[in-house]
Amino acid sequence: MFTLAEVASLNDIQPTYRILKPWWDVFMDYLAVVMLMVAIFAGTMQLTKDQVVCLPVLQSTVNSKAQPSTSGKADFTTVETTTGQGEAASMRTVSFGSAPTVTPDVPLSRATSSQYQPTESGQELKKEQKDSSGRKTNLDFQQYVFINQMCYHLALPWYSKYFPYLVLIHTIILIVSSNFWFKYPKTCSKIEHFVSILGKCFESPWTTKALSETACEDSEENKQRLTGAQSLPKYVSTSSDEGSPSASTPMITKSGFKFSADKPMIEVPSVTILDKKDGEQAKALFEKVRKFRAHVEDSDLIYKLYVGQTIIKTFKFIFILCYTANFVNTISFEHICNPKVEHLIGYTQFECTHNMAYMLKKLLISYISLICVYGFICLYTLFWLFRIPLKEYSFEKVREESSFSDIPDVKNDFAFLLHMVDQYDQLYSKRFGVFLSEVSENKLREISLNHEWTFEKLRQHVSRNAQDKQELHLFMLSGVPDAVFDLTDLDVLKLELIPEAKIPAKISQMTNLQELHLCHCPAKVEQTAFSFLRDHLRCLYVKFTDVAEIPAWVYLLKNLRELYLIGNLNSENNKMIGLESLRELRHLKILHVKSNLTKIPPNITDVAPHLTKLVIHNDGTKLVVLNSLKKMMNVAELELQNCELERIPHAIFSLSNLQELDLKSNSIRTIEEIISFQHLKRLTCLKLWHNKIVNIPSSITHVKNLESLYLSNNKLESLPAAVFSLQKLRCLDVSYNSIAVIPVEIGLLQNLQHFHITGNKVDVLPKQLFKCVKLRTLSLGQNCITSIPEKVGQLLQLTHLELKGNCLDRLPATLGQCQLLRKSGLVVEDHLFDTLPSEVKEVLNQDTSIPFANGI
């Protein structure tokens, strides 16, 4: 037999699983333990006391009605004689009730099968006793033991004998059915993982801190409500309201453009900051919960397995109850036995008593009672399983009680496990929900971020940009550290790939901040922060993937001067909604759009009267409709780059204030329309580079105010004389064409300061080129020039000379006369530099502090 400890171990579940055991499962486990005790108790009693006692039924009693016995004489049922060598037969008289019988004490193997009839007188009996012979063996006890054993197996009902073992088997099956889902490989791994995560989430210091913050916020709100204080102001954002702000965490902003600047800000009491170790553990828990949810939410195996085992237990209960009830009455104290061994014993029928019948019957009734209770609990479990949708779980109550209004509802096995946990203690689900909230995770990130990015560390990342402004670039952080807003002398702030960026009211401390970059960073701002940005921000860069990522508050920065939009503005879904509010930017001067437009959005005309510079980089998408350009009467600089233009748009000729036109990287082949530029009296810079222009029309001479002409990277083979009639021309760039000859008319350009003809086929430099004594930059690289005239020394203002990639064998010594030329501005091969006289080298190697303009 099993010991109690061994059997009880079958029902031993790890203590960590107790949170997944609702009250009915716990109660059924206790019922199973009681049933095990019944089985063990009954089995032990059977092993120690279970037996039957049988006595023969007298033949005379059976036939008493047919042959009544003689008065005063005893009836003997059996007389057996045994003979032995030299010994007298031994006879023994045994009385069964009032009728004595004679039982021979002889071996069973030598006993005769004859049945002796009762004698009529005592004398005959004595005579037979004297005549009998044999040895006395005292086998009457063995005969009764033999009969008891036979009748135990023949007369006793089978259920009386095997009842304890059946109870044991049934109970073990029920225990296995109750705990199978904890052991099945495809479910136990998920359950173990869930229990482990749930325990860590329950005990995490971050859970306590997050719920404490909620309590602080609730109490503060109640206090404000009781004292009649106004509610928290709304903030500008495109996101939904996700809770109240804390001291260390900016409020998640609301949608729409509603402001309530007069409402006071409520400061929520700050809670003790987590140490770094607890913060790292909490971040790891967020990641584990996210992965566990993705793994478990896609199936409902645990739910189906639990329902299946409950149904099995219910059918088991019905089966046990049905067949057990039929055997209750079969367990009785008296039994009739017909062993059919009358040839050995001399009796055909025995009456037996089962001394354990009363106790077994009571135990069986107790077992049936336990089974009934067990069955009713199974039925209740089934009712619970199908009464509510257990494959869906809502955190609505948790969302109402906490500030984490974004806790998502879950489904399938994840939902079922949470329903089971709720039967143990709903506090587990509430604390676990903290780790499903993105708001909670963002708060934790902010705390960890502030731990890592201190004021001193941020100060080390501040640098000076090309405009000599203090600049801070933050890349791929979980948020914006609070210490950033303590850098009060910062001029430029760049935020890149920070999806949860929040700009709090502390930004109002940064009085020098005028330029902000948001690269894939849909930042949310508090109202006070927005008010500051609206009044102080002058330049804003927004890089995005879809127009919906542009923060709505961008269109309300009324004092903004420069706006740079880089991203997709041509999707069918947005329909240019991102630009429809530009009319609010009444002080906007520069608009830079890098996108894939097919037409200039009509909404841009809302700010057209204010714009002085419009830049459209179209990334190869053909720009078809340009009529809106006519309304931009104040535009001084216009760039239409990479727009697949084939001709100069006629709408440009209406821009009377245009000073600079850049049509870079298009497909322009002819520029016959250039004559119309004569009406643009202020046009001074024309950039037609990176196109497919074959020739320059002579009508270009009418554009008399041109000072800069860029025609590089085209297909020009010659330069017409008309180009050199532009007396105001200061910069001419015809690099990377197929020009073979520099016309002598170039000497007419007395104001020319920058001449670029790199990457052509020039082999001879005309002497007239060196009459342009104002030249500062002369780029002659990658041509076929074989010699440099000595007159190069006349270019006294020359600061940059490029000669690399030609067929030169020496450099003229007159380079030493170029007073402003230094070695750093001389681009030649090293061996050519060595051909210069030593005194010229010394002059070129000298440092100079004389400032000069080297830009274009």
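Biologist: Happy to look at this with you! Which residues does the UniProt annotation "transmembrane region" cover?

Modeller: Glad to help; what we have here is a predicted model. The annotation comes from an unreviewed UniProt entry. In that record, "transmembrane region" covers residues 27-47, 162-182 and 364-386.

Biologist: How far apart are the end C-alpha atoms of residues 364-386?

Modeller: Let's start with residues 27-47, where the chain is 100% helix and 0% strand and the end C-alpha atoms are 30 Å apart. Residues 364-386 are likewise 100% helix, with 0% strand. For that span, the end C-alpha atoms lie at a separation of 33 Å.

Biologist: Nice. Which element gives the most to the nonpolar surface patch?

Modeller: The patch, about 490 Å², is built from W23, F27, V373, Y380 and F383. Two elements give two or more residues to it, namely α2 (23-49) and α12 (357-387). With three residues, the top contributor is α12.

Biologist: Is V373 buried or partly exposed?

Modeller: V373 sits in helix α12 and is a member of the nonpolar patch. Buried would need under 20% relative accessible area, and exposed over 50%. V373 has a relative accessible area of 34%, so the residue is partly exposed.

Biologist: What does helix α7 reach from its first C-alpha to its last?

Modeller: Helix α7 spans residues 185-203, which is 19 residues. Its buried residues include T187, K190, F194 and C201. At 1.5 Å a residue the expected value is 27 Å, and the helix comes close to that, reaching 27 Å.

Conventions. Residues numbered from 1 in each chain as written. Predicted model: local features only at pLDDT ≥ 70, side-chain atom pairs only at ≥ 80, totals over all residues. Heavy atoms only, no water. Patch = residues over 30% accessible without salt bridge, like charges linked within 9 Å, V, L, I, M, F, W, Y side chains within 5 Å. Areas by Shrake-Rupley, 256 points an atom, 1.4 Å probe, with all protein chains shown as cover. Salt bridge = Lys/Arg side-chain N within 4 Å of Asp/Glu carboxyl O. Helix = DSSP H or I, 4+ residues; strand = E, 2+ residues; numbered from the N terminus. Buried < 20%, exposed > 50% of the residue type's maximum accessible area, 1.4 Å probe, protein only. UniProt positions renumbered as here; feature names shortened; annotations may be inferred. Expected span 1.5 Å × (residues − 1).
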